[in-house]
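Hi everyone, thanks for coming. Have a look at the sequence and the model on the screen, and then I'll talk you through some side-chain pairs.

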Amino acid sequence: MKLKSFSYLIGLLIIFFYPPLLSEEKIDIWNNKKEITPENSKLEKKEAQESSILKPLQTIETIEKIQIEEGSTIEAEEQKVFGIYDPSKYDFSLSMWSTTKAEDLRSSLNRLKKIELSNSSNEILEMILFSFSYPPQGMSEKEFTELKVNWMIQNDRTNLVESFLKQNEEFENKSKAVQYLVDQNISQSDIKQGCEKIKFIDAKIKDAYLEKFKIYCLVFNNKKPEARLLLDLLREQKQSDKFYDEKINYLLGVTNKPSTKLSEKNLLNFYLSSVTIPNFKYEPTDKTKPEIWKYLNAANLIKLEDASDKKKLNELELAANKNQLDKKKIFEIYKQIPFNLNVLVNAKNNYQTLDDSDARALIYQKYLLSESTESKIEYLFLLENLFKKSDLMNVYSKFLSDRIEEIGIENLPNDYQEIALSRIVSDEDLLLGKVKYNDKVLHQSKIMKYYVEGENKKKIQKDIDKIFKKITKNKKYFISAKDLALADALIKDGFSLPSNFKYDELAKKFDVPKNLLKLIDNDQKAFLALKIVEIIGEDEPYELDSETIYFVTNLLNKMDLVTIRNKVLNSALPLRT
């Protein structure tokens, strides 16, 4: 009895001096998988700012164990999240989609597929899609992950695929992501570089397609003993196949006679076919896979041996128009088509008697033979009409732009300068330039240093007092929607505005769409951000009208999406040189 009493007393003392035992330990998913709560979210946000990319994390244990009665427990229900970024980095949370319906997300992404998004729109979309989070209502974990993987592949975001594979050990469609990454390396036709780059993939990632490529890389780098060991292991695991075995055995020197079998099942099989079949030849069709087209381009395996084969030339023109074939290849073929001297001399009259592809080839050759600038630009625009006629402008627009830039707008006849300028296509991102502060305009003033340069808050408050006072005294000054966007952000960020600046009264002039305000009421943070991507669309924020800039930043303020808001402000407000 004494022993029992003593044990009971010790137990009470332990409970008294160690209170955490009285309650269930909270779970923070970023640190030992504890749960995020409103009380600790601010602290976690601060800690997360040191890095936008998380350490590998997939599983969240929502309940570790619930004690029912002595000797009985319910095991934890596991929920998995997949992504690249800590959601708090962009003011999101794991539950950012929890109040959104799956169909709304699908519909929005389908609309975005039809828009050629600007750089800013794409950056914001990536913040939303690749922050770790639970799926929306009515969407399975499998579909949500598949949606992310498909988006990365469809948009050729190799860097994101690499990060996704590093961050997430096991997920649906992992083999598809790995195969895409391997194919990207093969399709460059630079196997040495491809084999170097593929080394980044963690050894924990096991995938048959990846292992096959690694074995080929060992053969390529003349490490055949190592290749044989890995091949034996792959066979033991029954992950190899007859086609691969025959090709790799020949490359290893196990067999002397090359297999003439060709496989288009995947790019690795096709590549092995191309390097093992003597005098390899392949005629692509409209059914040929995009990755094979890409490899054929890089390896210079697409040739038109018979320039009179109009059917084949038309197929290649269509392929180039679909971005399957390098467009330069079409112009190389045009040079090979023979015309007699008389036809070339009288090209302006003769091209109309020829079929479409021959007419384009003739005018192209005539352009190449032209000496004067006036003659060159005349044939370039005639050639443009011929490509338009056959609905092949995707083949020609960049070529025309490059030729005009080579000649120089200033060197063209006056009659051509305006139309030629409209044909120039820029591949370079438009550089915003250096900010030039102008204290005569509120949204261009030194106050913007807080958002552009991270200026000290006390210094900015002094600038606010000074500049607002100056502007409100100027009765001729018109408060624009951009000024209100800045004022709204300053209020949100805790700055004090002069009492005579009637923000609420001024803001009534501008209506914020009610359907978007409803998303805020429903706490649909991620979906609101996605809708803003739709609004910005193909434009950069500085290209939006002032009222749109205001209501976009106002919505982001209301939803506490400050990081995205700052991105919009920095593009839309400052004066740049």
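I'll go through confidence, then salt bridges, then aromatic rings, and finish with one leucine.

So, ground rules. This is a predicted model, where local features need pLDDT of at least 70 and side-chain atom pairs count only at pLDDT 80 or more, while totals for chains, interfaces and linings use all residues. Residues are numbered from 1 along each chain as its sequence is written, and side-chain values use heavy atoms, with hydrogens and water left out.

Okay, confidence. By pLDDT I mean the predictor's confidence in each residue, on a scale from 0 to 100. The protein chain averages 84, and 84% of the residues score at least 70. Residues 1–77 have pLDDT below 50, and beyond near neighbours in sequence that stretch makes 99 contacts in the model, a contact being heavy atoms within 4.5 Å. Residues 427–431 are also below 50, with 3 contacts beyond near neighbours in sequence.

On to charges. Side chains of opposite charge can pair when their charged atoms come close. For a salt bridge, the cut-off here is a side-chain nitrogen of Lys or Arg within 4 Å of a carboxyl oxygen of Asp or Glu. How many salt bridges does a search of the whole structure find? The number is 26.

Let me show you three. Glu103 pairs with Arg106, and their closest N and O atoms are 3.2 Å apart. Both sit in helix α3, residues 102–113, and they are 3 residues apart, so about one turn of the helix. When I say helix, I mean a DSSP run of H or I with at least four residues, numbered from the N terminus; strands would be E runs of at least two. Now, buried or exposed? I'm calling a residue buried under 20% relative accessible area, exposed over 50%, and partly exposed in between, using a 1.4 Å probe and protein chains only. On that scale Glu103 is partly exposed at 45%, and Arg106 is partly exposed at 25%. This pair also belongs to a network of salt bridges that links Glu103, Arg106 and Glu143.

Next, Glu332 and Lys329, with a salt bridge of 3.8 Å from N to O. Here again the two residues share a helix, α15 (residues 327–336), and are 3 residues apart, about one turn. Glu332 is partly exposed at 38%, whereas Lys329 counts as buried at 13%.

The third one is Asp356 with Lys389, at 3.7 Å from N to O. Asp356 lies in helix α18 (residues 356–369) and Lys389 in helix α19 (residues 373–389), so this salt bridge ties together parts that are 33 residues apart in sequence. Asp356 is partly exposed at 35%, and Lys389 is exposed at 62%.

Right, rings. A pair of aromatic rings is described by the distance of the centres and the angle of the planes. Rings of Phe, Tyr and Trp (its six-membered ring) pair if their centres lie within 6.5 Å; planes under 30 degrees apart are stacked, over 60 edge-to-face, and the rest tilted. The structure holds 28 aromatic pairs. Phe331 and Phe399 are stacked, 4.2 Å centre to centre with 10° between the planes. Phe331 is in helix α15 and Phe399 in helix α20 (residues 393–407), so the pair ties together parts 68 residues apart in sequence. Both are buried: Phe331 at 6% and Phe399 at 11%.

Compare that with Phe468 and Phe501, whose centres are 4.9 Å apart and whose planes are at 90°, so the pair is edge-to-face. Phe468 sits in helix α23 (residues 457–473), and Phe501 in the loop between α24 (481–492) and α25 (503–507), 33 residues away. Phe468 is buried at 1%, and Phe501 is buried at 8%. There's a cluster too: ring pairs link Tyr216, Phe220, Phe270, Tyr271, Phe280, Tyr282 and Tyr295.

Last stop, Leu386, in helix α19 and buried at 10%. Which residues does Leu386 contact, leaving aside neighbours within four places in sequence? They are Tyr351, Ala359, Arg360 and Ile363. Arg360 is 26 residues from Leu386 in sequence, and their C-alpha atoms are 6.4 Å apart.

That's my tour, thanks.
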